[in-house]
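Colleague: I would like to learn how to read a model of this kind, feature by feature. Could you take me through one with the cut-offs stated as we go?

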Amino acid sequence: MKRRAEIKWCLVYVFRSMGSSLFLHAEMMYRGASWEEGNQSYQGEFILLGVADRPRLEMLLFAIILICYVMTLLGNTTIIVVSRLDPHLHTPMYFFLCNLSILDLCYTTSLGPRMLVSFWRKNKSISYGGCVAELYISLALGSTECVLLAFMAYDRYAAVCHPLRYTTIMNHSVCFTMAAVSWVSGFSNSLVQTVLTFRIPRCGENRIDHFFCEVPAFIKLACGDTSLNEAVLFFASVAILLLPVGLITISYAYIVAAVLRIRSAEGRQKAFNTCASHLIVVSLFYGSAIFSYLQPRSGYSRDQEKMVSLFYTFVTTMLNPLIYTLRNKEVHKALGRVLKRN
């Protein structure tokens, strides 16, 4: 009897041990699976927080963005139509200006309508595919504009410093090549940034503290190493932002030197008016973009980052046609001729 009791207790101990081991093994597998699942990049919906916790500010921003968006549509559409209908504006300067207006129209339209609707909705979510498309298209168009503004500065340099050879330097082939390089480089940069951004591990986090899908906002969601993303973003920002700014600065240094050599006050004034509009647009756009992409993340608050993004997305695109048309007598005359014909 004693022998049987010992065997019985041994068997009970073995089965209990096996049960505990199986339970622990199952629990470890569950925890591992949960960790792996949480470590994957979220592929459902994203929630764009914006300023949802401040309804009054949200309504104020709705009104401002709506006004900016409508004025952007009207101003840039006017420039495109007038520059195409009036033969006097079939010049390299207005070819690039027409490209800039198309970029601004597409850029604001890729973000504006969805943001305006989101301000009125309690649900601030955006689908995974919608966020990918929004980031890719807006970044591509913004990058294209950075490169295009540098080519526009070279066009002004050729017009002021080499007026007799201007038509030879800026012929149709050169203009189309510059425009193509701008578009291809902008969309190529955006493709690389978008692929890297959506490979960032986010551990299931889907709340983006921004108004729209943007690379710096996604980097803040990361729960893993983002050194590669930050390095690629930095070098891309240098190539897309700082390099064009450097080329623009050199172009305008030559332009200022050439303008100072003009003897007549009228000639200097005309040359200044030719370049001042472009210089104002460049300062507004590059200044805000550099502030957003190249300043250290600890250097400013989240609200500052959001407002700067809204500024270069909506305010500068609204001001571009106003700056170019208000200071440009050629556009005024061309608009008058088009209206008379119609």
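Modeller: We shall go from the overall fold to helices, then to single residues, and finally to cavities. This is a predicted model in which local features need pLDDT of at least 70 and side-chain atom pairs count only at pLDDT 80 or more, while totals for chains, interfaces and linings use all residues. Residues are numbered from 1 along each chain as its sequence is written, and side-chain values use heavy atoms, with hydrogens and water left out.

Colleague: How many helices and strands are there in the protein, and in what pattern do they follow each other?

Modeller: Helices (H or I, at least four residues) and strands (E, at least two) are DSSP runs, numbered from the N terminus. Here there are 11 helices and three strands, and along the sequence they read α-β-α-α-β-α-α-α-β-α-α-α-α-α. Contact means heavy atoms within 4.5 Å, and of the contacts between residues at least 6 apart in sequence, 81% join residues at least 24 apart.

Colleague: What should the span of a helix be, and which value does α3 give?

Modeller: The expected span is 1.5 Å times one less than the number of residues. For α3 (residues 92-120), with 29 residues, that gives 42 Å, and the end C-alpha atoms lie 43 Å apart, which agrees. A bend is the angle between axes fitted to the seven residues ending at a residue and the seven starting there; α3 bends by about 35° at threonine 109, with proline 113 following within four residues. For α6, the 26 residues should span 38 Å, and the end C-alpha atoms are 38 Å apart, again in agreement.

Colleague: Is α3 enclosed or open, and why?

Modeller: Buried means under 20% relative accessible area, exposed over 50%, and partly exposed in between (1.4 Å probe, protein chains only). Because 22 of the 29 residues of α3 are buried, this helix is largely enclosed by the rest of the structure. Over the protein as a whole, buried residues make up 43% of the 342 residues. The buried residues of α6 include Cys175, Met178 and Gln193, and the buried residues of that helix pack against α3, α4, α7 (215-219) and α8.

Colleague: Which side chain does the side chain of asparagine 76 meet in a polar contact?

Modeller: A polar contact is a pair of N or O atoms within 3.5 Å; within protein, one must be able to donate a hydrogen and the other to accept it, and residues adjacent in sequence count only if both atoms are side-chain atoms. Asparagine 76 sits in helix α2 (residues 55-85) and is buried, with a relative accessible area of 1%. Its side chain makes a polar contact with the side chain of serine 101 at 3.3 Å. Beyond its neighbours within four places in sequence, asparagine 76 is in contact with Ser101, Asp104, Leu105, Thr317 and Pro321.

Colleague: Is leucine 339 buried or exposed?

Modeller: Leucine 339, in helix α11 (residues 329-341), counts as exposed at 59% relative accessibility. The C-alpha atoms of leucine 339 and valine 82 are separated by 9.5 Å, although their positions lie 257 residues apart in the sense of being that far apart along the chain.

Colleague: Which helix gives the most to the lining of the largest cavity?

Modeller: On a 1 Å grid over the protein atoms alone, a cavity is a set of points where a 1.4 Å probe fits but cannot get out, and lining residues have an atom within 4 Å of a point. Grid points are joined across faces, edges and corners, and a volume is the space filled by probe spheres set on the points. There are four cavities of 30 Å³ or more, and the largest holds about 270 Å³. Of the 22 residues that line the largest cavity, Leu139, Gly142, Ser143, Tyr293 and Tyr312 are the closest to its centre. Helix α4 gives the most to this lining, with six residues.

Notes:
On a 1 Å grid over the protein atoms alone, a cavity is a set of points where a 1.4 Å probe fits but cannot get out, and a pocket is an open set with protein on both sides within 12 Å along at least five of seven lines; lining residues have an atom within 4 Å of a point.
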